[in-house]
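Biologist: I would like to learn how to read a model of this kind, one feature at a time. Could we begin at the surface and then work inwards?

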Amino acid sequence: MVKKLKEWKMVEWAQEEKRRMEREEERRIENMIKEAKKELRRLKEENRMKELFLDMLQMHDETGEFPNLKDLSKKELKGLLALIDVSMKTIRQQMEELKIDEDTVVKEDEDY
């Protein structure tokens, strides 16, 4: 009888452990889904800002003027400003690299 009781307790403990592991796995998967959804929202917003930036540049290219941005929210304006900042940093970096390349070419020409 004691042996049967011990066996039953072991089975009960194993089943509870299995349920606990399944719950942990479900929570982990739920967290992964939440993170994926959060990342998707972030990427959609980033894509939206890039489209807005490109539209703004296209309008400037076509008309010579920038569009009126008064209808944009603060969040949109901040996102647009961040894109402009990144673009400017990239342009400056590329210009600096070109300057270095130009200086190298000029120096090599002087050596001849």
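Modeller: We can, keeping in mind that this is a predicted model. On its surface, Leu-54, Leu-57 and Phe-66 form a nonpolar patch, and together these residues have about 300 Å² of accessible area.

Biologist: Where does Leu-57 lie, and how is its accessibility to be read?

Modeller: Leu-57 belongs to helix α1, which covers residues 2–63. Its relative accessible area is 37%, and because the partly exposed class runs between 20% and 50%, Leu-57 is counted as partly exposed.

Biologist: And where is Phe-66 placed, and what is it in contact with beyond its neighbours within four places in sequence?

Modeller: Phe-66 sits in the loop between α1 and α2, and with a relative accessibility of 48% it counts as partly exposed. Once the neighbours within four places in sequence are set aside, Phe-66 is in contact with Met-56, Leu-57 and His-60. Its C-alpha atom is 9.7 Å from that of Asp-55, although the two residues are eleven apart in sequence. Between the helix and this residue, just after α1, Gly-64 takes a positive phi of about 85°.

Biologist: How does one check the length of α1 against what its residue count should give, and what are the two values?

Modeller: The check takes 1.5 Å a residue, so that the 62 residues of α1 should span 92 Å; the C-alpha atoms at its ends are 91 Å apart, which agrees. For a separation within this helix region, one can take Ile-33, which lies in α1 and is partly exposed at 42% relative accessibility. The C-alpha atoms of Ile-33 and Asp-61 are separated by 41 Å, the two residues being 28 apart along the chain.

Biologist: Turning inwards, which residues of α1 are buried, and which residues make up the largest nonpolar core?

Modeller: The buried residues of α1 are Met-49, Phe-53 and Met-56. The largest nonpolar core has six residues, namely Met-49, Phe-53, Met-56, Leu-72, Leu-80 and Leu-83. Both α1 and α2 (74–111) supply at least two residues of this core, while α1 gives the most to it, with three residues.

Biologist: If we follow Met-49 from that core, what is it in contact with, apart from its neighbours within four places in sequence?

Modeller: Apart from those neighbours, Met-49 is in contact with Glu-76, Gly-79, Leu-80 and Leu-83. Of these, Glu-76 deserves a separate look: it is found in helix α2, and at 13% relative accessibility it counts as buried. The contacts of Glu-76, again leaving aside neighbours within four places in sequence, are with Arg-48, Met-49 and Asp-71.

Biologist: What is the general idea behind a pairing of charged side chains, and how do Arg-48 and Glu-76 meet?

Modeller: In general, side chains of opposite charge can pair when their charged atoms come close. Here the side chains of Arg-48 and Glu-76 meet in a salt bridge, at 2.2 Å from N to O. Arg-48 lies in helix α1 and Glu-76 in helix α2, so the pair ties together parts that are 28 residues apart in sequence. Arg-48 itself is partly exposed, with a relative accessible area of 38%, whereas Glu-76 is buried.

Biologist: How many salt bridges does a search of the whole structure find, and how are Arg-20 and Glu-17 placed relative to each other?

Modeller: The search finds nine salt bridges. An α-helix has 3.6 residues a turn, so residues three or four places apart point the same way. Arg-20 and Glu-17 are both in helix α1, three residues apart, about one turn of the helix, and they form a salt bridge in which the closest N and O atoms are 2.4 Å apart. Both are partly exposed, Arg-20 at 30% relative accessibility and Glu-17 at 25%.

Biologist: Which other residues should I look at for salt bridges?

Modeller: The side chains of Arg-23 and Glu-16 meet in a salt bridge of 3.5 Å, N to O; Arg-23 is partly exposed at 37% relative accessibility, and Glu-16 is partly exposed at 36%. There is also a network of salt bridges that links Glu-39, Arg-42, Glu-46 and Lys-50.

Methods:
Residues are numbered from 1 along each chain as its sequence is written. This is a predicted model: local features need pLDDT of at least 70, side-chain atom pairs count only at pLDDT 80 or more; totals for chains, interfaces and linings use all residues. Side-chain values use heavy atoms; hydrogens and water are left out. Patches are made of residues with over 30% relative accessible area and no salt bridge: like charges are joined within 9 Å, nonpolar side chains (Val, Leu, Ile, Met, Phe, Trp, Tyr) within 5 Å. Accessible areas come from the Shrake-Rupley method with a 1.4 Å probe; for residues, only the protein chains shown count as cover. A salt bridge is a side-chain nitrogen of Lys or Arg within 4 Å of a carboxyl oxygen of Asp or Glu. Helices (H or I, at least four residues) and strands (E, at least two) are DSSP runs, numbered from the N terminus. Buried means under 20% relative accessible area, exposed over 50%, partly exposed in between (1.4 Å probe, protein chains only). The expected span of a helix is 1.5 Å times one less than its number of residues. A nonpolar core is a set of buried Ala, Val, Leu, Ile, Met, Phe, Trp, Tyr and Cys residues joined through side-chain atoms within 4.5 Å. Contact means heavy atoms within 4.5 Å.
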